[in-house]
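Hello,

Here is the model I promised to pass on. Please load it first; my notes follow below.

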2 protein chains.
Amino acid sequence: MPAPTHSFDLARWVQVRSRDVDRALDRFLPKATKRPATIHKAMRYSLFAGGKRMRPALVLAAAEACGGSTEDALPLACAVECIHTYSLIHDDLPAMDNDDFRRGKPTNHKVFGEGIAVLAGDALLTQAFEIAAQCKAWPRYSHQEVILEIARASGSLQLIAGQVADLEGEGKELSVADLRYIHERKTSALLCASVRLGGMSANCTPTQLKALTDFGYHVGLAFQVIDDILDVTQTTEQLGKTAGKDVAAQKATYPRLVGLDASRRIAAQLTTKAFAALKPFRGRATALDALARYLLERQS
Amino acid sequence: MPAPTHSFDLARWVQVRSRDVDRALDRFLPKATKRPATIHKAMRYSLFAGGKRMRPALVLAAAEACGGSTEDALPLACAVECIHTYSLIHDDLPAMDNDDFRRGKPTNHKVFGEGIAVLAGDALLTQAFEIAAQCKAWPRYSHQEVILEIARASGSLQLIAGQVADLEGEGKELSVADLRYIHERKTSALLCASVRLGGMSANCTPTQLKALTDFGYHVGLAFQVIDDILDVTQTTEQLGKTAGKDVAAQKATYPRLVGLDASRRIAAQLTTKAFAALKPFRGRATALDALARYLLERQS
């Protein structure tokens, strides 16, 4: 739970918004008893497995920064969470990262078997578009615009490109450029789309959309560099997940490629750029700013 | 290649339309050399593996029946083909049907490995929505309507529900009702959506949409019953795929549950209903009618 920052109670803000998102997801998804129950249980298992709801929070915070409402932003917040969850389920499969646990719980395929895990991922990806298509459309941002935003950020040139490059990079010597290519796609693309979609749900101006794009891109990259740093500097207890996993897997990371000090400098530069992008909002981006501070100053 | 029916040259019609679809798919998809090349090669490998383009043909024929153009229908024809191809790639995975060959060619995971096959399926599913969102919208059928149509037909209550029920039905005694539930979802849902989307691309009337829905539903069910019949009555050479596969796998099929004669009666009834649904088009549904005749009177 984040601590209050700058007299804005982020912990409380996140708590309220997460509850809104959870309720909306529960409403959008078929009930767990709906036939065929297995798939709906499997979809819900991973969707309600204790995710931090970071992407939905970014959608809602960006909407607020542009004067929009939580209600109008919720379908898009839920859609990006479905995309994120599907990508985790497929990423955890034996043919991919082969993870047995996520957030301390057995991964989807460990509980439901590989076949259902593949289908549960597919179903969440499909569900994302069904939910997104139910958002409120604006003169500036039609359903077409919103669907294209999600499809492109999740497609073979962005999110999936990152997963492919990650898969193919295993055991290879990657350059910093390669690593940045992976981070931009695996993390930044969907974070960036999240804040953009939040802006779109608030019928934001083109200037606001550009600011959100800059912000999302840099937050995403900074987040990933910080993740790499924490993996080598924190203990398993501090992280709440296995520390040193990247080193053990001989994974290309910023600390491995450029050292810890340079990694910290890069993270600081990216963080500075992220906050600079919020300037056009002149103090109206309170939640977005606090959220970025929390994500980029975290110790776990 | 279908033979000419009722003085309408279906073979020629299909040939021209398939070429249009192939060209459009080639245009919509990232080039095979586009980074990361592996995923684009894998997507294209299955998409251009000799599929019959039955669903795109239904989209285009339905559009014609409603006075629409091939040009306006093509994005939706391509979208349903991407959905169909993704579902085959995931269906063939070891955790699902575990097939090494499809249409005489090694399946996606046999060529690219399981990890990439999962991601290629994901990418084609995502691509389907990106392509569909680029269709022409009409006053009656907005992008929202079109995206919802595709998402629902492909989601956990339809296409994926069929795959789940199929997976869970293996080795179990299914009832005719169970089998129909699977067929409705695994086959009818996307065929039905295909003709509906064709109608939508032509800004069809509500009466036309209802007729197309009836038609698609019954063609889909009939098609599947006929598939079951052919599996037990035809040789591997006649089918161009392994005959008797359902029997060998002890799969629930119509012939197995109700016998061959009753299966033929059911297929005939469904076929009659499909053609009856075309009456409102009063002879304008030439290609759709010929296509249905070809699909339902085929011997392989």
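Which residues does Ala63(A) touch, not counting residues up to four places away in sequence? They are Gly68(A), Ser69(A), Ala73(A), Gly198(A), Gly199(A), Ser201(A) and Ala202(A). Contact here means heavy atoms within 4.5 Å.

Some ground rules before the rest. This is a predicted model, where local features need pLDDT of at least 70 and side-chain atom pairs count only at pLDDT 80 or more, while totals for chains, interfaces and linings use all residues. Residues are numbered from 1 along each chain as its sequence is written, chains are lettered from A and ligands numbered from 1 in the order in which they are written, and side-chain values use heavy atoms, with hydrogens and water left out.

**Two positions in chain A**

Ala63(A) sits in helix α3, residues 54-65 of chain A. Helices (H or I, at least four residues) and strands (E, at least two) are DSSP runs, numbered from the N terminus. Ala63(A) has 0% relative accessibility, so it counts as buried. Buried means under 20% relative accessible area, exposed over 50%, and partly exposed in between, with a 1.4 Å probe and protein chains only. Met43(A) is 20 residues from Ala63(A) along the chain, and their C-alpha atoms are separated by 27 Å.

Cys192(A) belongs to helix α9. At 10% relative accessibility, Cys192(A) counts as buried. Leaving aside neighbours within four places in sequence, Cys192(A) is in contact with Thr213(A), Gly216(A) and Tyr217(A). Ala262(A) is 70 residues away along the chain, with 24 Å between the two C-alpha atoms.

**Chain A overall**

Chain A has 15 helices and 2 strands. Of its 300 residues, 59% count as buried. Its radius of gyration is 18 Å, which agrees with the value near 19 Å for a compact globule of 300 residues. That radius is taken over C-alpha atoms; the globule rule is 2.2 Å times the number of residues to the power 0.38. The C-alpha atoms fill a box of roughly 50 × 50 × 35 Å along the principal axes. Among contacts with a separation of 6 or more, 72% join residues 24 or more positions apart.

**The two chains together**

A turn of 180° and a shift of 0.0 Å along the axis lay chain A on chain B, with an RMSD of 0.0 Å. That is the relation of a two-fold axis. The superposition is by least squares on the C-alpha atoms of residues with pLDDT of at least 70 in both copies. In chain A, the residue closest to the rotation axis is His143(A), at 3.1 Å (C-alpha).

Each side supplies residues to the contact: 46 from chain A and 46 from chain B. The chains bury about 3800 Å² between them, 70% of it on carbon and sulfur atoms. In chain A, Arg35(A), Leu119(A) and Thr126(A) lose the most area to chain B, together 14% of what that side buries. Buried area is the accessible area (1.4 Å probe) that two parts lose on being put together, summed over both. The copies meet through the same surface, because 100% of the interface residues of chain A are also interface residues in chain B.

**Helix α7**

Of the 12 residues of α7(A), 9 are buried, so the helix is largely enclosed by the rest of the structure. His143(A) is one of the buried ones. They pack against α4, α6, α8 and α9 of chain A, together with α6 and α7 of chain B.

Best wishes
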